[in-house]
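Let's take a walk through this protein chain, one stop at a time. Have the model open alongside as you read.

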Amino acid sequence: GASVVYCPFCPSRRLGGRSGAVGPHAAWGQDWLDIGVEVAQSFDGQLGGGGGLGAIARGTATWKQNEIELVGRRYDEDFANPYARAVSAPDEFDGNRARDEAGGRVRYTGLVAERWRLRASSDLWTELSESELKSLSSVRNDVDVTDELRPGLWIAYQNKNLGTFERTECFEVSVEFDERGEPIPCGGEKIEVAPRLRVAPSKRFSVQLQYEHQWIDDGAAEFDDKFRKDRSTFVLASANPVDPLRIRARLRYVEEDIENKDRLEQSLWYYLDVAYRFDSGLKLRGRYDVLHVLDDRASTADRDPNPEHWGRIEVEQRF
């Protein structure tokens, strides 16, 4: 087969050209195996970009309630198709994720035992304009101990440069600049561990609790030989007393850099969300949020008001 994506009215036309993508695709499947390949050439006249080549190959194996997926991809530095929704890493090049990248991902989803569901993923990639190899891996376990009780555990590891494991690297915000004054991309690590618990005493009411702890390369001088530690906790309660009425309440506490209260955010945020749908198709929804910023930063002392209060009302009519 072949696909064409053409956008004559995209903003790039106003800057001197049209944009889109064209290319062939092929797929084959039999019993438990499916394979697909797609290649596309993008064209983009915006600021003389020209466009580039993108390619992706995918293989999926399924059996019983299990699935394994293998994906390989390569996107040129000039490939630009914001409508592709292609498999790509969580980074961007000139505002586009599926660009300047080559890599591969393996993902598994399945029912390991009768009540134990496992999801695991591992992704390796590199930016074609750089030489660093990056990775993102995660594992999520959910066990239905009973119909009402579901504990789980989520673990993730991300490294923006597998060639170095030094704590002096940053992960989120660059603290070093090159001779032109441009920020040097971060190459640090982040580890996340999040146990969670869902309790549903009935089909109309449930409560979820989660605690998350993070170890992050910060790049600041005080973290030259150790990770920065962050943590967060949230509670979510959902109720559906009668079919037209839905009530949700959520509370989240965030503490970034738990050893220093004068550097990053520490906050408490909670809201109540109530929605009701009438037989006529009319839906009314109201939400009320409160945000408390609790840290000792100078900017926090200047906040007014603190806490912040937010209200929202939505009216929707379906015909």
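Helices (H or I, at least four residues) and strands (E, at least two) are DSSP runs, numbered from the N terminus. By that count, V235 sits in strand β12, which covers residues 228-239. Before going further, note that this is a predicted model, where local features need pLDDT of at least 70 and side-chain atom pairs count only at pLDDT 80 or more, while totals for chains, interfaces and linings use all residues. Residues are numbered from 1 along each chain as its sequence is written, and side-chain values use heavy atoms, with hydrogens and water left out.

**The chain overall**

The secondary structure adds up to two helices and 16 strands. Along its principal axes, the C-alpha trace spans about 55 × 55 × 50 Å. Of the 319 residues, 33% count as buried (buried is under 20% relative accessible area, exposed is over 50%, and partly exposed is in between, using a 1.4 Å probe and protein chains only). Taking contacts (heavy atoms within 4.5 Å) between residues at least 6 apart in sequence, 44% join residues at least 24 apart.

**Back to V235**

V235 has 30% relative accessibility, so it counts as partly exposed. Setting aside residues up to four places away in sequence, V235 touches V207, Q208, L209, A249, R250 and L251. L111 is another story: its C-alpha atom is 27 Å from that of V235, with the two positions 124 residues apart along the chain.

**The loop between β9 and β10**

Where in the chain is the disulfide? The structure holds one disulfide (a pair of cysteine sulfur atoms within 2.5 Å), and C170 and C186 form it, with their sulfur atoms 2.1 Å apart. Both cysteines are in the loop between β9 and β10, so the pair ties together parts that are 16 residues apart in sequence. The torsion about the S-S bond is about -105°, so this disulfide is left-handed. Both C170 and C186 are buried.

T164 is in the loop between β9 (149-159) and β10 (189-202) too. T164 counts as buried because its relative accessibility is 14%. Leaving out neighbours within four places in sequence, T164 is in contact with N159, E169 and G187. A polar atom of the T164 side chain also lies 3.4 Å from the backbone nitrogen of E166.

**Odd backbone spots**

Two non-glycine residues have a positive phi, and two peptide bonds are cis.

| Spot | Backbone value | Place |
|---|---|---|
| K64 | positive phi, about 50° | loop between β4 (53-63) and β5 (66-75) |
| D257 | positive phi, about 55° | loop between β13 (245-255) and β14 (266-277) |
| D304 to P305 | cis, omega near 10° | P305 in the loop between α2 (298-301) and β16 (308-317) |
| N306 to P307 | cis, omega near 15° | P307 in the loop between α2 and β16 |

Are K64 and D257 buried or exposed? K64 is exposed, with a relative accessible area of 84%, whereas D257 is at 0% relative accessibility and counts as buried.

Key. A polar contact is a pair of N or O atoms within 3.5 Å; within protein, one must be able to donate a hydrogen and the other to accept it, and residues adjacent in sequence count only if both atoms are side-chain atoms.
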